[in-house]
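Biologist: Please show me the model, and explain the reasoning behind the labels that are attached to it.

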There are 2 protein chains.
Amino acid sequence: MTAVQTDRSLSRTSARTQARIVEAVVEAVAQHGISGTTLANVAALAEVSQGVLIFHFKSKEGLFAETLRRLIDEYQQGWQAALTEPDALQRIVKLVRSDFAAAICNRKTLALWFAFWGEAAAQPLYNAICAESEIHRYEAMIAACRAFCETNKGETCDPALLAHSIDAMTDGLWLQMHISAKSLSRHDARSMAMAHLRLLLPKWADAIPQ
Amino acid sequence: MTAVQTDRSLSRTSARTQARIVEAVVEAVAQHGISGTTLANVAALAEVSQGVLIFHFKSKEGLFAETLRRLIDEYQQGWQAALTEPDALQRIVKLVRSDFAAAICNRKTLALWFAFWGEAAAQPLYNAICAESEIHRYEAMIAACRAFCETNKGETCDPALLAHSIDAMTDGLWLQMHISAKSLSRHDARSMAMAHLRLLLPKWADAIPQ
DNA sequence: TATTTTAAACTGAGCGCTCAGTCAAAAATT
DNA sequence: AATTTTTGACTGAGCGCTCAGTTTAAAATA
């Protein structure tokens with residue numbers, strides 16, 4: 001039996017099959033929603049038998065949890081790349097822009113995020129996984145904001161308020177991209193996020209890209 | 001057979017039962033999520049038999065659709081009260097504040113919104129119902145913004161951008177209230193929405209309440 | 001007003017079906 | 001040869017929904 005967790009002894013074929021299955025879950029959720037996603041349609045999309053899903057992930061819940069973990073991992077890899085930026089303001093800019101990267105900010109991925117958020121209120125497991133990732137991301141943002149505020153002592157600058165406002169705007173743009181009839185493109189959304197940053201930090205507006 | 005639609009000839013007992021059933025759906029979704037909500041647990045919460053659910057709403061999907069329609073109706077009644085305000089800026093303020101009213105902005109109701117949004121990507125019916133309500137609301141907001149921009153011709157003022165930015169911030173605050181570990185209260189969220197408005201309209205900051 | 005008639009509202013057992021998960025055997029990999 | 005991986009038929013639980021029948025309430029009649 002192969003463990004679901006990051007297991008170093010995972011063979012190459014097994015890893016590939018698991019990746020294919022998780023990809024099938026993403027597709028299934030995009031097509032049918034979480035409540036319409038069954039082992040049968042995931043197996044069909046992955047072109048494997050139902051048995052193999054349970055063999056690799058133990059249960060349907062385990063399969064969903066692993067899918068959520070990989071979704072979060074991919075998201076984290078995106079924003080953590082921004083942390084190498086030495087300048088605090090540019091680090092904030094990069095953190096925000098990472099939320100609108102093509103790999104993160106597309107129809108299928110957003111559908112997955114909102115599917116899990118929709119269930120998270122009732123499913124403590126999903127809630128816990130989401131909450132942990134959210135904390136990490138928020139701490140990175142507030143650290144950047146704190147560093148930024150320190151670089152201009154003259155100004156009144158509340159890092160927590162700044163971070164909250166930035167994150168709220170990003171989340172709101174995600175929601176609009178997800179549900180909006182007037183389909184908001186990720187480029188437009190990113191522009192609005194940047195415009196919001198310029199409003200928050202008018203003195204540094206010139207240093208914030210379009 | 002009693003029709004589901006707003007039927008003037010709906011008897012008092014029937015109306016009361018239907019309301020009780022819809023209330024049970026809200027509770028069931030909050031407790032188990034959409035995918036965990038069954039006719040059996042809704043019937044148990046409403047203290048009626050399963051048969052009566054189908055009698056009144058035809059199908060499980062019909063029951064969910066009616067619940068969504070009532071959710072939207074209640075939301076609309078909230079924000080449409082703001083339209084009586086003659087002053088454009090104060091109308092914008094009231095529209096925003098209506099999103100943070102206790103009846104709209106509470107754990108159970110937010111959970112319901114996000115449950116439907118999570119499924120909407122895959123369920124054309126929910127998507128259509130949500131989209132229609134969203135259009136109405138957006139048009140009210142952009143009309144208010146347009147009226148506001150006209151009252152101060154000297155300034156550069158883009159009503160569409162203004163409306164989008166305001167709605168995005170509200171949506172983002174809703175999302176944070178729903179998923180956030182650091183539970184954001186609706187009063188704090190409302191304060192942030194007002195702060196965002198003051199940023200957008202610095203010249204009129206004094207006219208925007210805390 | 002008291003009684004009968006009719007329709008609406010509701011019940012709960014149960015049907016057909018799909019679901020998540022099992023298992024013995026086969027195939028592929030090491 | 002031993003182990004891992006995959007198959008696919010299978011199971012029992014639980015699902016949405018039906019329906020024959022009962023109760024309640026409203027309308028019609030006397």
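Modeller: This is a predicted model. The S-S torsion of B:Cys149 and B:Cys157 is about -60°, so their disulfide is left-handed.

Biologist: What makes B:Cys149 and B:Cys157 a disulfide?

Modeller: The sulfur atoms of B:Cys149 and B:Cys157 are 2.0 Å apart. The cut-off is within 2.5 Å, so the pair is called a disulfide.

Biologist: Why is B:Cys149 called buried, and why is B:Cys157 called partly exposed?

Modeller: B:Cys149 has a relative accessible area of 10%; buried means under 20%, so the label applies. B:Cys157 has 27%, and partly exposed lies between 20% and 50%, so that residue takes the other label.

Biologist: How do you know that B:Cys130 is in no disulfide?

Modeller: The nearest cysteine sulfur to B:Cys130 belongs to B:Cys105 and is 17 Å away. A disulfide needs sulfur atoms within 2.5 Å, so B:Cys130 is in none.

Biologist: Why is the sulfur of B:Cys145 too far for a bond?

Modeller: Its closest cysteine sulfur, in B:Cys149, is 6.6 Å away. Set against the limit of 2.5 Å, that distance fails, so no disulfide is assigned between B:Cys145 and B:Cys149. B:Cys145 is also buried, at 0% relative accessible area.

Biologist: What makes the contact of A:Lys108 and A:Glu27 a salt bridge?

Modeller: Their side chains meet at 2.8 Å, N to O. The rule asks for within 4 Å, so the pair qualifies. Across the interface of domain 1 and domain 2 of chain A, the rule finds one salt bridge.

Definitions and conventions:
Residues numbered from 1 in each chain as written. Chains lettered and ligands numbered in written order. Predicted model: local features only at pLDDT ≥ 70, side-chain atom pairs only at ≥ 80, totals over all residues. Heavy atoms only, no water. Buried < 20%, exposed > 50% of the residue type's maximum accessible area, 1.4 Å probe, protein only.
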